[in-house]
Amino acid sequence: MRGVVFEEPGRVVVGEVPDPQVLEATDAVIQVTRAGLCGSDLHPWTGAEPAGSGVVCGHEATGQVVAVGDDVRTVAPGDDVIACFTTSCGRCGPCREGLTARCVHGQLFGWGPPDNPAGGLHGGQAELLRVPLADGTLVPRPTGISADAAVLLADNMPTAWYAARRAEVLPGTRVGVIGLGAVGLCAIAACRALGAAEVVAVDPVPSRRAAADRLGARTTTPDDAALADTGLDAVIEAAGPSAAQRLAASMLRPGGVVSIIAVQTAEAFGISPVTAYDRNLTIRAGRAPVRAVLEEVLPAIVDGRLQLPVEEVVTHPRLPLADAPDAYARFAAREEGMVKVTFAP
Ligand SMILES: NC(=O)c1ccc[n+]([C@@H]2O[C@H](COP(=O)([O-])OP(=O)(O)OC[C@H]3O[C@@H](n4cnc5c(N)ncnc54)[C@H](O)[C@@H]3O)[C@@H](O)[C@H]2O)c1
Ligand SMILES: [Zn+2]
Ligand SMILES: [Zn+2]
């Protein structure tokens, strides 16, 4: 099959790789109809996060089941499914507590450890995807949900929902969102669905601010926010740099909550212990347990409380895999008008 393979920082290649097979009785193999390109794919690409070469990229996929192992009970060949971006057993302590992203048997799709890439799990930017722990990892794709919407449900939308929940967004909350990529834009939708009174959306990229504006947020640049926006109850940090965390702290009222959803690659937060102490801040961070969060997100979509911002987020849908090297470079450069790419393998 063809797949997008990580070689080294700044370089992914599209080529022939072995077809994945059912290796364990709990595996499924899906034919990928759509796969996302995520801000998280950029951390190995920029070199900020060490990763081994030779692993198929991508952790956001939807497709049709083509094979299952003998112990798989909840999905069958022919089913349309969404693959959560980490695998989970559904039975261990973290899974039972709803922390499926930290399943003791879990793996992240599309990333291999730098010292042992063979120990990684090939990802979804390919024609076929092997899904370990299929019963705990795959979710049936709800009727009426497009393939591009399903890609958002594999990561960005439940991740944003989790960030909003951990920001303690309730009816009337005044919340900031820093970083208006796919995660930040989905976070605006989540905050509105949870009843936020005001969403202040911050990003240096004009086209991303325009998208946030269309989703109902008040938008501003990082420089203007630092001068003018204070006293918020909570801030969702979906950008990553220390500067974004410092900005988050400056925008909060005493006792406010910083919900850091950006992947962390630094040794220390941008918010000092002194600032956290002096302002009584709560700081939360971590990987989103998508499988568990979907239990809340899917009903919210079905009953109309939550609108998936597919049009604003998936600006470059259905690219062929052959375009991946170019798409990675343009996405990393934050090209105006580009928020999210999806591939149709
Ligand atoms: N915790 C999780 O489970 C999880 C899941 C998915 C993605 N993520 C992470 O969330 C983050 C966002 O993902 P994405 O796909 O939206 O990425 P993205 O790279 O498309 O978006 C990041 C945005 O932050 C903005 N930004 C950068 N520095 C800024 C600053 N100082 N102030 C304001 N804005 C700034 C950029 O202009 C960009 O628009 C990434 O770190 C990604 O790895 C985490
Ligand atoms: Zn992702
Ligand atoms: Zn588990």
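User: Before we go further, how should I read a polar contact, and which residue's side chain does H59 join at 3.1 Å?

Analyst: In this predicted model, a polar contact of 3.1 Å joins the side chain of H59 to that of D155. The general idea is that a polar contact is a pair of N or O atoms within 3.5 Å, and the side chain of H59 also makes such a contact with the side chain of D41, at 3.5 Å.

User: Where does H59 sit along the chain, and is H59 buried or exposed?

Analyst: H59 belongs to the loop between helix 1 and strand 4, the strand that covers residues 61-68. Buried means under 20% relative accessible area, and H59 counts as buried because its relative accessibility is 6%.

User: How can I apply that idea to a whole helix, and how many residues of helix 4 are buried?

Analyst: The cut-off is applied residue by residue, and in helix 4, residues 147-154, eight of the eight residues are buried, so this helix is largely enclosed by the rest of the structure. Among these buried residues are D148, V151, L152 and L153.

User: How do I decide on disulfides, and how many are there by this rule?

Analyst: The general idea is to look for a pair of cysteine sulfur atoms within 2.5 Å, and by this rule the count here is zero. Take C191 as a case: the closest cysteine sulfur to its own belongs to C186 and is 11 Å away, which is too far for a bond. C191 is nevertheless buried, with a relative accessible area of 0%, and C95 also counts as buried, at 8% relative accessibility.

User: What surrounds ligand 1, and which residues come nearest?

Analyst: A shell is read by asking which residues have a heavy atom within 4 Å of the molecule; there are 30 residues around ligand 1, of which S40, H43, D203, I261 and A288 come nearest. The shell divides into 18 nonpolar, seven polar and five charged residues, and helix 1 gives the most to it, with three residues.

User: Which polar atoms of the protein lie by the oxygen atoms of ligand 1?

Analyst: A polar side-chain atom of R208 lies 2.8 Å from an oxygen atom of ligand 1, a polar backbone atom of G39 is 2.9 Å from an oxygen atom of the ligand, and a backbone N or O atom of A182 lies 3.1 Å from one. Taken alone, ligand 1 exposes 870 Å², and the protein buries 93% of that.

User: Why can ligand 1 be said to lie between domain 1 and domain 2?

Analyst: Ligand 1 lies between them because domain 1 (2-155 + 309-343) and domain 2 (158-285) both give residues to its shell.

Notes
Residues are numbered from 1 along each chain as its sequence is written. Chains are lettered from A and ligands numbered from 1 in the order in which they are written. This is a predicted model: local features need pLDDT of at least 70, side-chain atom pairs count only at pLDDT 80 or more; totals for chains, interfaces and linings use all residues. Side-chain values use heavy atoms; hydrogens and water are left out. A polar contact is a pair of N or O atoms within 3.5 Å; within protein, one must be able to donate a hydrogen and the other to accept it, and residues adjacent in sequence count only if both atoms are side-chain atoms. Accessible areas come from the Shrake-Rupley method with a 1.4 Å probe; for residues, only the protein chains shown count as cover. Helices (H or I, at least four residues) and strands (E, at least two) are DSSP runs, numbered from the N terminus. Ala, Val, Leu, Ile, Met, Phe, Trp, Tyr, Cys and Pro count as nonpolar, Asp, Glu, Lys and Arg as charged, and the others, Gly among them, as polar. Domain bounds come from an automatic or database domain assignment. Buried means under 20% relative accessible area, exposed over 50%, partly exposed in between (1.4 Å probe, protein chains only).
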